[in-house]
Amino acid sequence: MADETNHNQVPSTSEPVATDLPTANTPDPKAANSKVNPNAAQPADGAEKPAAKAAKKEKAPAVEDKPFPEFIQQEYLPALQKAIAEEGVKDLQLSFAKQKLPIAGLPADEEYWQVIGSWQNGQRQFNVYFPDEDIQGQKGFSCNEGKKTSTLESFLIDERKTTLDLLVFGLVRRLNSQKWLGRN
């Protein structure tokens with residue numbers, strides 16, 4: 001039997017063929033070209049090309065770029081107070097001081113900047129330590145329930161860049177893991 005071919009098939013061509021179908025990759029040349037489309041929007045000054053962009057506005061410095069004591073007092077403490085209050089703690093007392101580590105058994109000759117928080121008449125207390133006086137540097141954490149603090153742990157050590165939101169989130173998460181916050 002001889003080969004039978006289907007004469008209803010469309011023959012293929014080796015040359016590209018233009019169609020009227022729109023594509024997602026090419027813009028409509030009539031929309032942007034005012035010579036082709038006289039109704040296309042024109043710049044106000046009559047120029048065909050848009051003017052060069054104005055000089056970029058300088059970004060305001062990030063709050064984390066403030067000097068360390070200013071950042072803690074003006075940004076971190078208020079944000080922390082608000083976040084912990086949202087978790088149900090109403091009598092939180094926060095302070096920022098340079099003092100010795102309250103860890104029993106450590107030779108504490110040096111003083112370190114600390115954020116100290118307490119509530120329930122001092123029965124629950126936490127400390128966040130900044131030995132480098134820099135939020136990007138080393139940080140530590142300790143907490144206690146009416147007793148002397150016994151353990152100093154590292155705090156947010158795996159983060160490449162520490163931000164205000166991360167400092168607040170990290171501490172709230174850590175306090176929540178102690179089952180100290182309202183939902184626990």
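1. Helix α2 covers residues 68-86 in this predicted model, and its 19 residues reach 26 Å from the first C-alpha to the last, which is close to the 27 Å expected at 1.5 Å a residue.

2. Along that helix there is nevertheless a kink of about 35°, located at Tyr 76, and the proline Pro 78 follows shortly after that position. A reader tracing the helix may wish to look at Tyr 76 with its surroundings in mind, since this residue is also listed as buried.

3. Which residues of α2 are buried? They are Phe 68, Phe 71, Ile 72, Glu 75, Tyr 76, Leu 77, Leu 80, Ala 83 and Ile 84. The buried residues of the helix pack against three strands, β1 (93-100), β2 (111-119) and β3 (124-130), and also against the helix α3 (164-177).

4. Just after α2 the chain comes to Gly 88, which takes a positive phi of about 105°.

5. A positive phi also occurs at Gln 120, where the value is about 55° although the residue is not a glycine. Gln 120 is found in the loop between β2 and β3, and because its relative accessibility is 39%, between the 20% limit for buried and the 50% limit for exposed, it counts as partly exposed.

6. Glu 133, again not a glycine, has a positive phi of about 55°. This residue lies in the loop between β3 and β4 (140-145), and with a relative accessible area of 38% Glu 133 is partly exposed.

Conventions:
Residues are numbered from 1 along each chain as its sequence is written. This is a predicted model: local features need pLDDT of at least 70, side-chain atom pairs count only at pLDDT 80 or more; totals for chains, interfaces and linings use all residues. Side-chain values use heavy atoms; hydrogens and water are left out. Helices (H or I, at least four residues) and strands (E, at least two) are DSSP runs, numbered from the N terminus. The expected span of a helix is 1.5 Å times one less than its number of residues. The bend at a residue is the angle between axes fitted to the seven residues ending there and the seven starting there. Buried means under 20% relative accessible area, exposed over 50%, partly exposed in between (1.4 Å probe, protein chains only). Contact means heavy atoms within 4.5 Å.
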